[in-house]
Amino acid sequence: MIRTMLLPVVLLLLPLSLPAIAEEAATTDEDYIRRFEERFKGATPAAAVPEIATPKIFDERFLGEKLREHASKLSNDQGNIAWGTSYYMAALNDMFLATKEKEYLEANRELIRAVMAARDDRIGKQLWTGETAKAWGSDKYSKKGRCIFTVHTGVILTPILEFLRLARDSSDLKPSMGAEWDSLLTDSLEALAHHNKGYREGPAKGEGHYFGTDGEIAEDGKHLPANWQSAMGQAHWHAWRLTGDEAQKQRALALGAHIKNRLVKAPDGAYYWQYWMTEQPVTESTPREEVQGEDSSHAALTLSLPILLAEEGALFTPEDMERFGKTVLFGMGRLGKGVLFGDITGNPKSSPDYVSLPARWLNLARWTPEVKTRIVDFYLKHGSSHMGPQDIALLVRFGG
C-alpha cells in the first residue's frame, strides 16, 4: 500500500494494478484481528458519529485556507490528483448533498479550476509517446514513462462531472458560473474522449470494456481491472446526464454489464469478484472461500458504478444491491465489532492496509441496513485518526 502526504490531509493512494496482498503467515481470524488492531491502534473510541464527523469538523479541516493550500500544489505526476484530490472533490459533492449548503460547491469549483489547470496540455508535459494529452499523465506507474491511465481519468472526471450536475440541477450556482460551466464540461469531455481508442464492445452482447493502451499496463490490449472500468463508467453516465448524448449512456451501461456478468453469485447470497475479472462472463456459483477476492479498497471503486446505476434505476436491481450488501455482511465485515477485512471475501490472509475509506460502502445501507452498523462501528472504534475528507463527508451523509 502506498501512502503520500497530501496537504492539508493524509490520503491513501491506491496502487494501479496490484491485487490484494496476501500475508501467508496469517491463517486464522485471530491472526487477522491481531494485525488489524496493530494497524489501527491509537484511535480514541467514539460513542456516536457526531463525535467524529459533522459539518463543523469537515469545515475546520478541509475548507478555507486548507483547501487553497491543497489546490496550490496540485500535480498528478505521482498520481496524487487521481488518488487524493479526486476524493477531496467527491467529498465536497457529498457534503453538499448532505447539507444543501452551496458553500461546498463553491469550494469544489475552486478546487476543480486547479485540477483543470494541471492537465498535461496546460502544463506542457509530453507522454512517453510524444503526445501532449488533454488529460492528467503520471510518471510513476509505467516502465515506458509518462502515461495517461484510464482509471486516473475516470476517478478525476467523476466528481467534476457530478459537480456540474449538482451546479445545474440542485443549486442556483450554474447561472453565476456563466461560460465557465460550459468550459468545464468541454474540458471534461475532451479528457474522456482521449480513451476512445482503448474501448471495445463485447465480448458478450451488450457489454463493453476498456483495454490497456500506450503502455499503461504491461500488456497492451488486455482488458483492464473492474475498478478501472467502473471509474470510467461513472464518468460516462454523468456525461450523458449533462449532454443527452446517448453514446455516453450506452457506454456506461455496457461497462456496467461487463462488471455485472462477471460477479460470482455465492451460495451465501452475496456477490464476490476478483481484481482482474474473467475474460468471459461467470455462469457458476462459487463459495466465497474459493474466490480470490478483490481487495476492499479497490472493490469500493468497482462497486461505485453499480451503486450509481442502481440509484437511477438502471441495470442493477434491488436484488443485486442486496447481494452487494451481503458482500459486507458475509465477507469483508463478517466479524463485526469494527473489524473489516482487507479483501471482500473476508480472507484472514488479506492485509489490513487495504481497509481504506470503507465509508464508500455505506450507501449500500439503503438496501441492506445492517451494512451501516458494520461500517460505522469501524470508524467509532478505529477510524477517527485515519479519516480524510471523504470519510467524514460520507459519514455525515449516510452514517448519522
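This is a guided tour of selections to make in the viewer, with a description of what each one shows. Keep in mind throughout that the model is predicted.

**Stop 1: helices α12 and α13**

Begin by selecting residues 296-311, which make up helix α12, together with residues 318-332, which make up helix α13. The axes of α12 and α13 are 10 Å apart and the two helices pack at an angle of about 160°; an angle over 145 degrees counts as roughly antiparallel, and α12 and α13 are therefore described in that way. Their crossing is left-handed. To see the contact itself, show the side chains of S296, L303, P306, I307 and A310 on the α12 side, which meet M321, F324 and M332 of α13. Sorted by character, the residues of this contact comprise 7 nonpolar and 1 polar, with no charged ones.

**Stop 2: from α13 to α14**

Keep α13 in view and add helix α14, residues 370-383. Here the axes of α13 and α14 come within 9 Å and cross at roughly 50°, which makes α13 oblique to α14. The crossing of α13 and α14 is left-handed. On the α13 side, select G325, V328, L329 and M332, which meet E370, V371, R374 and I375 of α14. The contact of α13 with α14 is made up of 5 nonpolar, 1 polar and 2 charged residues.

**Stop 3: a salt bridge from α14 to α1**

Stay on α14 and select K381, then add E37: the two form a salt bridge in which the closest N and O atoms are 3.7 Å apart. Because K381 belongs to α14 and E37 to helix α1 (residues 29-39), this pair ties together parts of the chain that lie 344 residues apart in sequence. K381 is partly exposed, at 37% relative accessibility, and E37 is also partly exposed, with a relative accessible area of 27%.

**Stop 4: R109 and its two partners**

Next, select R109 in helix α5 (residues 103-117), along with E106, which is 3 residues away in that helix, a separation of about one helical turn. Their side chains meet in a salt bridge, with an N to O distance of 3.7 Å. R109 counts as buried at 12% relative accessibility, whereas E106 is partly exposed at 32%. Now add E180, whose side chain meets that of R109 in a salt bridge of 2.8 Å, N to O. This pair links distant parts of the chain, since E180 lies in helix α9 (residues 179-193) and R109 in α5, 71 residues apart. Both E180 and R109 are buried.

**Stop 5: a salt-bridge network**

For a group in place of a pair, select D77, D120, K125, D139 and R146, which are linked in a network of salt bridges. The structure has 30 salt bridges by the rule applied here.

**Stop 6: H238**

Move to helix α10, residues 226-243, and select H238 within it. H238 is buried, with a relative accessible area of 5%. Setting aside neighbours within four places in sequence, show the residues that H238 contacts, namely T158, L161, E162, R165 and L308.

**Stop 7: helix α15**

Finish with residues 389-398, helix α15, which is largely enclosed by the rest of the structure because 9 of its 10 residues are buried. Those buried residues are P389, Q390, D391, I392, A393, L394, L395, V396 and F398.

Note on methods:
Residues numbered from 1 in each chain as written. Predicted model: local features only at pLDDT ≥ 70, side-chain atom pairs only at ≥ 80, totals over all residues. Heavy atoms only, no water. Helix = DSSP H or I, 4+ residues; strand = E, 2+ residues; numbered from the N terminus. Buried < 20%, exposed > 50% of the residue type's maximum accessible area, 1.4 Å probe, protein only. Contact = heavy atoms within 4.5 Å. Salt bridge = Lys/Arg side-chain N within 4 Å of Asp/Glu carboxyl O. Axes fitted to C-alpha atoms, helices over the stretch in contact; angles between N-to-C directions. Parallel < 35°, antiparallel > 145°, perpendicular 65-115°, else oblique. Left-handed = near helix turned anticlockwise from the far one by under 90°. Nonpolar A, V, L, I, M, F, W, Y, C, P; charged D, E, K, R; others polar.
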